[in-house]
Amino acid sequence: MGKNLSMIQLMELDACTHCAMCSSHCSVAIAFEGIPNINILPSEKVASIKALASGNPLTEQEIRGLQEGVYLCTNCYRCTVVCPVGINLQNLWNRVRELLIQRGIPELSVLSPLSFYRGLMKAEAAQGDYEKPLTQAREAISSQCDLMKKKDEVLHLTPVDEKFKSGLDLSSQAKNFSICFGCQTCTTVCPVVRHYENPQEVLGLLPHQIMHAAGLGLKDLAIGSNMLWDCLTCYQCQEQCPRGVPVTDVLYELKNSAIKYTKEKI
Amino acid sequence: MMKYALFLGCQIPIRLQQYETSSRAVLERLGVELMDIGEFNCCGYPLRNIDFKTFLLASARNLALAETKKLNVMTLCQCCYGSLKKADFLLKENLSLRKEVNAVLQQEDISYEGKIEIKHLLSVLDQEVGIEAIRKKIEKPFQGLKIAAHYGCHALRPSQIVRFDDPGNPSIFERLVNVTGAKSIGWLMRLECCGAPLLGSHDELSTEMTLKKLNNGRESGANYLCTACTYCQIQFDTVQQMILSRQGSNPPLPSLLYPQLLGLSMGIPPEPLGLKMNKIPIREIGS
């Protein structure tokens, strides 16, 4: 890490007094209460980066924690603005973030609007392969889902994951999803589906099929589906659903489950 | 006296300052008082893909902070609006969820009891200030200016939660554009997504959505696109510029923020409206 940071950045790391002004202004500090990763807090990110840069061995677990912490950031610049010793924290995050996600450990939070900033900075991202972390994250999820690998096989409908299905029905986001009666309106109104000549070929399971998989308790197909990550969250499906199924929110719940499930496994 | 806690979100202060400056400029002239709550954090929108509880906590903290000051919240970004409305809806109707969330928030001596409302800039202008009050302040109405008003997604849908306007045939943005003297044109894709939610995670799909909208706006005869959302504006401005520098076939369809449009017609000079900060130039549009 030390040789990958600029001279100025190494000096800046030395300047940190761990006063934690940055953490007290961080826009996502509250996320720590939901995802207990101390590296979400800027002051702790700096502490971890300092350790890495000075050659102290961080465990793989600690590096993953830093990778996630550095990504769980909205790039709002507040930390940089308030730092009393003038460290350009934003530049540090940009640099370290890109270095870490290119290492090969999938970072699942890249599959979110937290990546918007990375998309804007695409031209500047001189190092590494832009698409790699995204493909890696998607593959990490689908590789945990056995049924996703069996493309042309006939699926047995038993055993189904009852716990998964009832979990969805009881969740806040996917509540009552099972009143879906398979009309396919969600898929019909989806702008992403409409965008492609052969949507199933490009996207895999379409919204109504993901709903169907969830209804059948086929957890692998529901949370392993690629299209979850191509959802624009435009809410057309939810708005048009004649049964009042909160389709977009069901997809959110499936995304959350996919990330939670995959994180435990990889 | 109309008074709101202004919710800027994470993008505006660093990537779209003109949305803040132009909003403040027009709201001041219209008698709306804005309060800044420095402790506001991310609305939670980008966290929703990752973890529900984390999203809810982030969103709820903002609601609790505003409730402490006994102020309704006004957002400029429509993604922030959708997020905060969702959290607000859930916490107002689900007592056990509220208890769970407040158990975390009470560490900071704040809590949310459902006592405030969330509004978007356009709703405040249309319903609290009112079209007639705005009309009285128009000093330089536009002549022959055609605007494609872009509604975006997260203020309109899901309508049961956001209660912004008729989701199938909204008219709030057209009313607000027309009061400036500009003509709000009909265009097929006006209620479609700008593509921003997928930028950074599926760029091809994201930018193709954006291009579809721009092409439709251009074909429908618009001089400018008009937005009222941070992400939408960045997508139609910064990202359109990025697309053009790669493909560069069609002439750009410039996009401006509603308070910029309104501000010009109110006779506010271009500087506070931040016109020069738009990436695709907004040529002098006057009467």
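Contact here means heavy atoms within 4.5 Å. Keep that cut-off handy for the exercises below, and remember that this is a predicted model.

**Exercise 1. Sketch chain A**

Work out what kind of secondary structure chain A has, what its dimensions are, and how its contacts are spread along the sequence.

Solution. Start with the elements: chain A has 16 helices and 0 strands. Next, take the principal axes, along which its C-alpha trace spans about 60 × 35 × 35 Å. Then look at burial: of the 266 residues in chain A, 54% are buried. Finally, apply the contact cut-off. Among contacts in chain A with a separation of 6 or more, 67% link residues 24 or more positions apart.

**Exercise 2. Take the interface apart**

Describe where chain A meets chain B: how many residues take part, how much area is buried, and which parts of chain A contribute.

Solution. First the head count: chain A brings 51 residues to the contact and chain B brings 56. Together the chains bury about 4,700 Å², with carbon and sulfur atoms giving 59% of that. On the chain A side, A:Ile30, A:Phe116 and A:Leu232 lose the most area to chain B, together 15% of what that side buries.

Now for the polar part. There are 4 salt bridges across the interface. One of them pairs the side chains of A:Asp249 and B:Lys86, at 3.1 Å from N to O. Counting polar contacts between the two chains gives 20 residue pairs, with both residues at pLDDT 80 or more.

Then map the chain A side onto its elements. Those giving two or more residues are α7 (116-120), α8 (132-143), α11 (191-195), α15 (236-240) and α16 (247-265) of chain A. The largest share comes from α16(A), with 5 residues. Sorted by type, the residues on this side of chain A come to 26 nonpolar, 15 polar and 10 charged.

**Exercise 3. Place a buried aspartate**

Is B:Asp203 buried or exposed, and which residues does it touch?

Solution. Locate the residue first: B:Asp203 sits in helix α9 (residues 203-219) of chain B. Its relative accessibility is 10%, and the cut-off for buried is under 20%, so B:Asp203 counts as buried. Leaving out residues up to four places away in sequence, B:Asp203 touches A:Gly119, A:Lys122, A:Tyr130 and B:Leu198. There's a polar partner too: a polar atom of the B:Asp203 side chain lies 2.6 Å from the backbone nitrogen of B:Gly200.

**Exercise 4. Follow the nonpolar core to a helix**

Find which residues touch the most other members of the largest nonpolar core, then explain why helix α11 of chain B is largely enclosed.

Solution. The largest core has 173 residues, and A:Leu254, B:Leu125, B:Tyr258 and B:Leu261 touch the most other members. Helix α3 (residues 52-68) of chain B gives the most to this core, 10 residues. Zoom in on B:Leu261: beyond its neighbours within four places in sequence, its contacts include B:Phe142, B:Val177, B:Cys226 and B:Ile285. A second, separate core holds 22 residues, among them A:Cys16, A:Ala53, A:Leu58 and A:Cys79.

On to helix α11 (residues 258-265) of chain B. Here 8 of the 8 residues are buried, so the helix is largely enclosed by the rest of the structure. B:Tyr258 and B:Leu261 are among those buried residues, and so are B:Pro259 and B:Gln260. Just after α11(B), B:Gly267 takes a positive phi of about 85°.

Notes. Residues are numbered from 1 along each chain as its sequence is written. Chains are lettered from A and ligands numbered from 1 in the order in which they are written. This is a predicted model: local features need pLDDT of at least 70, side-chain atom pairs count only at pLDDT 80 or more; totals for chains, interfaces and linings use all residues. Side-chain values use heavy atoms; hydrogens and water are left out. Buried area is the accessible area (1.4 Å probe) that two parts lose on being put together, summed over both. A polar contact is a pair of N or O atoms within 3.5 Å; within protein, one must be able to donate a hydrogen and the other to accept it, and residues adjacent in sequence count only if both atoms are side-chain atoms. Helices (H or I, at least four residues) and strands (E, at least two) are DSSP runs, numbered from the N terminus. Ala, Val, Leu, Ile, Met, Phe, Trp, Tyr, Cys and Pro count as nonpolar, Asp, Glu, Lys and Arg as charged, and the others, Gly among them, as polar. A nonpolar core is a set of buried Ala, Val, Leu, Ile, Met, Phe, Trp, Tyr and Cys residues joined through side-chain atoms within 4.5 Å. Buried means under 20% relative accessible area, exposed over 50%, partly exposed in between (1.4 Å probe, protein chains only).
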